[in-house]
Amino acid sequence: MRKQSYSELWKGQKWKQLRRNLFRLQRRVYKAVQAGDMRKARSLQKLILKSRSAQLLAIRQVTQLNQGKKTAGIDGKKALTHKERFKVLKMLGSSADNWTHQGLREIPIPKKNGSTRILKVPTISDRAWQCLAKFALEPAQEATFHARSYGFRTGRSAHDAQKYIFNHLRSRSNGINKRVIELDIKKCFDRISHQSIMKRLIAPQGLKIGIYRCLKAGINPEFPEQGTPQGGVVSPLLANIALNGIEDIHPSVRYADDMVFFLKPKDKADKILTKISTFLAERGMEISEEKTKQTKATDGFDFLGWHFLVQKNGKLRSFPSKENRRAVLKKIKAIANCSNYGAKVKAKKLAPIVRGWRNYHRHCSKMDDSPNNLWFANKAASRKFRKEKKVDRYEAKRLVKKAFPEVKHSEHKHTMVKGTKSPYDGDLVYWSQRNTELYNNATSETLKKQNHSCGYCELRFIDEERVHLHHIDGNHDNWKKNNLMAVHQSCHQYIHGSKSKD
């Protein structure tokens with residue numbers, strides 16, 4: 001019998017069954033915490049850490065699916081061969097409950113105000129452990145998280161926060177007389193107290209020790225007891241754990257460390273800010289006095305890339321913020337003005353940028369530079385394409401349409417997630433249907449045709465893994481309904497075969 005290669009062993013894993021195994025354990029953890037049975041929850045978390053299914057899925061997540069999968073840590077490794085993946089699997093199998101982190105690679109990232117923030121990137125093996133830890137921690141913490149927290153949580157998005165703001169400031173809610181506090185926390189990720197995280201962590205002792213070592217691996221020597229390293233797989237979850245409960249102070253909406261508080265005419269901003277300051281001080285953080293603002297809803301404010309404004313007639317409007325428009329135009333111009341690309345290449349490179357931008361802003365108000373018009377970009381691209389050699393006006397028009405694809409627009413029509421619901425509650429029908437609503441056009445129609453299930457593995461779309469459209473005949477210009485299949489990102493990779501080598 002021929003010995004299987006590491007590539008065949010990796011690709012031959014029963015990923016569908018592995019996902020089911022992990023989700024079954026996660027759902028049990030969630031329900032145990034809901035019932036107040038912490039002892040049972042911690043026992044189940046230990047099982048997740050020891051689970052070969054969870055370990056394999058964690059390695060696949062950080063090496064094949066995550067956006068930063070090709071960013072090297074201090075060991076210089078940007079990718080793992082199939083053989084190296086099994087080595088990491090062996091390490092997780094023997095040391096998952098007693099993991100020691102290596103150092104972090106520091107990458108300076110420029111901020112819009114001219115300063116820089118430091119991205120601290122773990123090694124791939126440390127990322128795999130963090131992902132495994134997240135598998136165990138997230139369902140337990142989800143059972144305790146506040147309903148108005150939307151950032152970096154499975155099943156929730158920025159559009160939920162956008163809709164919540166609409167519900168609070170629309171004419172029916174008397175938004176014309178309201179004010180908002182735009183809260184900014186000074187160096188939030190760098191100042192979170194380690195003790196505040198550890199105190200609120202629902203986890204067995206071995207996992208707690210691993211998280212503590214993870215926090216210590218990224219410390220700033222000036223603040224040895226503070227900070228969670230930006231760039232870690234588990235860091236956003238830890239920040240959510242520390243900030244959970246701030247929503248109870250006053251009606252508000254939170255996306256990670258970005259917050260907006262809603263004030264009625266009789267509400268006193270100074271009292272609310274005092275309560276917020278006390279809450280943050282207990283967690284090692286403080287309000288940024290310079291950036292925290294109190295604004296009339298009729299004067300407008302920016303949040304998550306949108307500008308919200310209550311008009312004189314009392315209606316709330318939200319548009320892409322000026323800064324957001326500048327950022328997308330900068331990307332468009334960089335490609336449109338590049339002499340190294342021909343018109344067809346430009347169209348191919350522009351399409352995902354513009355479609356992503358339009359998708360994000362598809363619930364905004366209609367205006368000249370709204371998601372479905374983008375006239376400023378279309379006009380510039382049309383001129384550029386016409387100037388390219390061998391591109392006549394008909395071909396230029398076709399390329400512009402391809403480069404700036406239409407996206408279905410529906411102002412404030414996003415359906416908000418219900419209350420404290422979580423994908424770990426086991427309501428597969430609700431979550432698969434809701435995830436379908438997050439997409440539009442061909443993807444949404446294909447998902448409905450497939451009864452909200454993956455066309456390849458047949459599992460429902462309930463987690464945060466992205467949905468891809470697979471062209472069955474391989475022709476990406478063939479958009480006929482019977483040629484499209486909605487699949488998980490990982491399933492799409494499997495269909496086309498992994499590019500990794502032994």
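## The three-stranded sheet

An open sheet of three strands (strands being DSSP runs, E, of at least two residues, as helices are H or I runs of at least four, both numbered from the N terminus) follows the order E7-E8-E9 with antiparallel pairing, where two strands pair if DSSP finds at least two bridges between them. Its edge strands are E7 (301-303) and E9 (316-320), each of which pairs on one side only. Neighbouring strands of this sheet are turned by 30 degrees against each other on average, direction ignored, with axes taken as lines fitted to C-alpha atoms, for helices over the stretch in contact, and angles running from 0 to 180 degrees between N-to-C directions. Three bridges join E7 to strand E8 (residues 306-310) in the antiparallel sense, and phenylalanine 303 stands opposite tryptophan 306 in E8.

## Basis of the model

The model is predicted, and local features need pLDDT of at least 70, side-chain atom pairs count only at pLDDT 80 or more, while totals for chains, interfaces and linings use all residues. Residues are numbered from 1 along each chain as its sequence is written, and side-chain values use heavy atoms, with hydrogens and water left out.

## The four-stranded sheet

A further open sheet, of four strands, has the order E4-E5-E3-E6 and antiparallel pairing. E4 and strand E6 (293-296) stand at its edges with a single partner strand each, so one side of each is left without a neighbour in the sheet. From one strand to the next, the twist averages 20 degrees.

E4 (residues 252-255) is covered on both faces, since Ser252 and Arg254 on one side and Val253 and Tyr255 on the other are all buried, where buried means under 20% relative accessible area, exposed over 50% and partly exposed in between (1.4 Å probe, protein chains only). E4 pairs with strand E5 (residues 258-263) in the antiparallel sense over four bridges, and valine 253 stands opposite valine 260 in E5. The hairpin of E4 and E5 has two residues between the strands, and in it alanine 256 takes a positive phi near 60 degrees. Strand E3 (residues 179-183) and E6 run antiparallel and are joined by four bridges, with arginine 179 opposite lysine 296 in E6.

## Nonpolar cores

The largest nonpolar core (a set of buried Ala, Val, Leu, Ile, Met, Phe, Trp, Tyr and Cys residues joined through side-chain atoms within 4.5 Å) has 70 residues, of which Phe135, Leu201, Leu207, Ile211, Phe261 and Leu280 touch the most other members. The largest share of this core, ten residues, comes from H6. A second, separate core of 29 residues includes Val260, Ala297, Phe308 and Val310.

## Glutamine 141

Glutamine 141 is found in helix H6 (residues 124-142) and counts as buried because its relative accessibility is 2%. Its side chain reaches the backbone nitrogen of isoleucine 202 at 2.8 Å. Leaving aside residues up to four places away in sequence, glutamine 141 touches Arg200, Leu201, Ile202, Leu237 and Ile241, contact meaning heavy atoms within 4.5 Å.

## Cysteines

A search of the whole structure finds zero disulfides, a disulfide being a pair of cysteine sulfur atoms within 2.5 Å. Cysteine 457 is in no disulfide, the nearest cysteine sulfur, that of cysteine 454, being 3.8 Å away, and cysteine 457 is buried, with a relative accessible area of 7%. The sulfur of cysteine 491 has its closest cysteine sulfur in cysteine 454, at 3.8 Å, which is too far for a bond, and cysteine 491 counts as buried at 8% relative accessibility.

Terms used. A polar contact is a pair of N or O atoms within 3.5 Å; within protein, one must be able to donate a hydrogen and the other to accept it, and residues adjacent in sequence count only if both atoms are side-chain atoms.
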